[in-house]
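Trainee: Got a minute to go through this structure with me? I'd like to start with what a contact is and then move around the fold.

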Amino acid sequence: MAATINGSRSFFLLAAMVILFSSRYGGATAATRGYIKYKDPKAAVDERVEDLLTRMTLPEKLGQMCQVDRFNFSFFPPATRHEIFTKYMIGSVLSNPYDTGASPSNRVNVSNTMQNLSLSTRLGIPLLYAIDAVHGHNTFINATIFPHNVGLGATRDPDLVKKIGAITALEVRATGIAQAFAPCVAVCRDPRWGRCYESYSEDPKVVNMMTESIMDGLQGNAPYVADFKTKLAGCAKHFVGDGGTVGGINENNTVADNATLFGIHMPPFEIAMHANRAMLTDYLKNSLKFQGFVISDWLGIDKITTPPRANYTYSIEASINAGIDMVMVPFQYKEFLDELTKLVNGGYIPMSRIDDAVRRVLRVKFSIGLFENPLAEETLIAEFGSEAHREVAREAVRKSMVLLKNGKTNVDKVIPLKRNVKKIVVAGTHANNMGWQCGGFTLTWQGFNGTGENIGRNKALQIPTGKTRGTTILEAIMKTVDSTTEVVYVEEPNQATSKLHADAAYTIVVVGEAPYAETQGDSTTLSIAAPGPDTIRHTCGSGMKCLVVLVTGRPLVIEPYLDTIDALVVAWLPGTEGQGITDVLFGDHPFTGTLPRTWMKSVTQLPMNVGDKNYDPLFPFGYGIKT
């Protein structure tokens with residue numbers, strides 16, 4: 001039996017449509033005087049949830065099922081922004097991946113302003129604020145940016161990943177945000193997928209190990225959240241099977257038998273689904289006894305129909321009845337609430353389903369301490385992007401590095417590199433580019449080129465820009481070599497480069513992919529981005545002794561150049577702490593990383609994963625030369 005499951009998310013913005021809603025439900029009759037159980041922190045969570053639920057009108061309930069974008073509040077007219085919380089009683093807000101932050105203090109103020117509006121309503125139900133934090137607090141300038149998940153998978157170090165989760169939680173909390181859309185627990189089975197770097201591995205055992213550790217770091221080792229001030233609510237994403245789409249195409253169908261679906265793609269979700277009742281309700285909620293809430297992705301329910309929004313009323317009905325508890329709208333919330341109200345009033349969605357959804361949302365809010373600690377504090381800001389956090393990121397970088405080749409012969413080792421030579425050449429566009437080093441989902445959705453000071457969309461929308469703190473690979477090399485060593489940087493070598501620098505002891509070539517996210521990263525070729533191939537030809541291919549460092553979110557086609565390369569290292573997408581790369585290149589620490597993915601010879605072999613019958617890789621899963 002084969003199962004076909006639709007994929008996950010595409011990110012783009014829509015303008016809001018203004019449609020008011022009304023309800024025949026109202027006039028909640030629960031006692032309003034004396035002891036109020038839901039306000040008692042000593043009462044059991046489920047008892048508090050039930051007490052509050054009995055007091056809520058239908059509009060108050062439906063507001064808890066709706067998540068809107070923060071831009072509705074910060075960039076739309078003041079006359080309407082307060083209504084988001086006081087009239088429509090929206091229960092959750094997200095910052096989208098374009099929502100670059102520059103000042104933790106300012107974001108705390110925005111968070112608290114929204115929260116106070118929520119608290120001013122009749123029942124005072126606090127707001128849940130969420131953000132994508134997939135490799136650190138990645139939309140914030142000067143945050144600690146860790147390697148993307150594919151690099152963490154190469155470390156095979158769950159204790160380290162737990163530390164990363166804890167630091168991410170602290171830095172997100174420092175900006176007044178209580179939920180992270182992380183971790184991505186996809187098991188990527190085809191590197192042509194543009195989200196493959198968000199996956200820890202092609203092997204579900206590695207993904208399981210890392211999922212458990214990152215969740216412990218984000219939330220703490222407790223039934224819910226261990227520390228209301230420094231921990232947050234995690235969110236396993238996106239949907240079972242998202243890493244197995246046909247052709248590695250984002251949001252494509254995944255066609256698999258039940259053994260593959262439940263043996264490879266489901267396990268990470270069991271440790272930590274849009275219109276699929278069998279998955280969302282029957283399996284996740286009933287079989288696994290999942291106690292949290294299920295949230296749709298950005299405009300996710302719109303895509304139930306083809307074309308999207310062809311029948312929005314049907315999309316709402318199908319998704320809510322399937323088991324979606326909160327819908328990421330993110331702008332047309334008035335229309336969503338109007339249609340949802342009509343569906344409930346008309347009997348198309350039973351009140352039992354609404355109560356189940358709201359019960360789950362409230363349970364999370366009580367469990368993470370929002371009712372007792374709704375307002376953010378500035379006490380954590382001093383730790384935001386701290387040296388201690390960056391040291392952990394640096395450790396993650398060096399442990400994620402994988403050495404694939406070290407010398408053309410067994411006696412001609414290149415690594416460790418000598419640091420006290422007369423001259424070295426550093427070549428390639430990726431050697432001195434913080435944005436390309438960090439990859440997608442950094443400062444902005446698709447990542448950035450350069451330092452972060454010139455992001456066109458941000459300037460057009462008056463969203464913050466600025467140089468984000470960190471160390472590029474070139475800067476790390478210059479800090480590491482002897483003070484007498486001349487370091488020559490050639491961004492784009494040409495045919496004259498090898499002759500001009502024939503006296504160089506060796507050349508470090510840094511090439512790879514340009515940043516991308518989601519569908520924009522889907523690739524049918526998996527080729528090194530231009531001018532990378534020419535950079536290799538004009539250095540390694542012209543007789544220079546060379547070490548190639550690949551900055552990439554996935555395996556790339558490298559076999560055509562392999563014979564000319566003396567040494568080959570994959571750095572993945574290391575984040576801001578480039579010094580971790582030189583830690584292993586120059587021998588201060590050993591290479592310990594191993595491939596979390598099979599490295600193919602050509603794209604014609606894909607999909608190809610460890611355990612496949614016809615397994616003929618260039619470098620197998622788990623390969624990595626130790627030093």
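Mentor: Sure. Contact here means heavy atoms within 4.5 Å. Keep in mind that this is a predicted model.

Trainee: OK, so which residues does Val134 touch, not counting residues up to four places away in sequence?
Mentor: Val134 touches His148, Asn149, Phe181, Ala182, Lys237 and Phe441.

Trainee: Where does Val134 lie?
Mentor: Val134 lies in the loop between strand E4 (128-131) and helix H7 (149-155).

Trainee: Buried or exposed, that Val134?
Mentor: Val134 has a relative accessible area of 13%. Buried means under 20%, so Val134 counts as buried.

Trainee: And how far apart are the C-alpha atoms of Val134 and Phe85?
Mentor: They are separated by 28 Å, with the two positions 49 residues apart along the chain count, that is, Val134 and Phe85 are 49 residues apart.

Trainee: Let's switch to the sheet. In what order do the six strands of the open sheet come?
Mentor: The order is E8-E13-E12-E11-E9-E10, and the pairing is mixed. Strand E8 (402-406) and strand E10 (486-490) are at the edges with a single partner strand each, so one side of each has no neighbour in the sheet. On average, neighbouring strands of this sheet are turned by 20° against each other, direction ignored.

Trainee: What holds strands together in general?
Mentor: Strands of a sheet pair through backbone hydrogen bonds, either parallel or antiparallel.

Trainee: Which way do E8 and E13 run?
Mentor: E8 and strand E13 (residues 567-572) run antiparallel, joined by four bridges. Asn406 stands opposite Ala567 in E13.

Trainee: Now E11. How many of its residues are buried?
Mentor: Seven of the seven residues in strand E11 (residues 506-512) are buried. Tyr506, Ile508, Val510 and Gly512 point one way, while Thr507, Val509 and Val511 point the other way.

Trainee: What does E11 pair with?
Mentor: E11 pairs with strand E9 (residues 423-427) in the parallel sense, over four bridges. Tyr506 in E11 is the bridge partner of Ile424, and Val509 in E11 is the bridge partner of Ala427. E11 is also joined to strand E12 (residues 546-551) by six bridges, and these two run parallel. There, Thr507 stands opposite Cys546 in E12.

Trainee: Which helix goes with E11 and E12 in the β-α-β unit?
Mentor: Helix H21 (residues 532-537), and the unit is right-handed.

Trainee: What about E9, how many of its residues are buried?
Mentor: Five of five. Lys423, Val425 and Ala427 point one way from E9, and Ile424 and Val426 point the other way. E9 and E10 run parallel, joined by five bridges, and Val425 stands opposite Val488 in E10.

Trainee: Which residues does His501 touch, leaving out those up to four places away in sequence?
Mentor: His501 touches Lys423, Val425, Val488, Val490 and Met544. Lys423 and Val425 belong to E9. His501 itself is found in the loop between helix H20 (497-500) and E11, and is buried with a relative accessible area of 10%.

Trainee: Different topic: which residues touch the most other members in the largest nonpolar core?
Mentor: Leu52, Ile320, Phe336, Leu340, Ile354 and Leu362, in a core of 78 residues. Ile354 touches Leu58, Lys61, Leu62, Met65, Ile320, Leu340, Val344 and Ile349, not counting residues up to four places away in sequence. Another core, of 67 residues, lies apart from that one; among its members are Val402, Tyr506, Val548 and Val551.

Trainee: And helices H8 and H9, at what angle do they pack?
Mentor: Helix H8 (residues 158-173) and helix H9 (residues 204-219) pack at about 35°, with their axes 7 Å apart. The crossing is right-handed. Residues meeting there include Val161 and Ile164 in H8, and Met210 and Ile214 in H9.

Trainee: Last one: where is Asp302?
Mentor: Asp302 is in the loop between helix H12 (277-287) and helix H13 (312-322). Asp302 is buried, at a relative accessible area of 3%. Beyond its neighbours within four places in sequence, Asp302 is in contact with Pro308, Arg309, Tyr312 and Ser315.

Notes
Residues numbered from 1 in each chain as written. Predicted model: local features only at pLDDT ≥ 70, side-chain atom pairs only at ≥ 80, totals over all residues. Heavy atoms only, no water. Buried < 20%, exposed > 50% of the residue type's maximum accessible area, 1.4 Å probe, protein only. Pairing = 2+ DSSP bridges. Right-handed = clockwise from strand over helix to strand, strands pointing away. Axes fitted to C-alpha atoms, helices over the stretch in contact; angles between N-to-C directions. Core = buried A, V, L, I, M, F, W, Y, C linked by side-chain atoms within 4.5 Å. Left-handed = near helix turned anticlockwise from the far one by under 90°.
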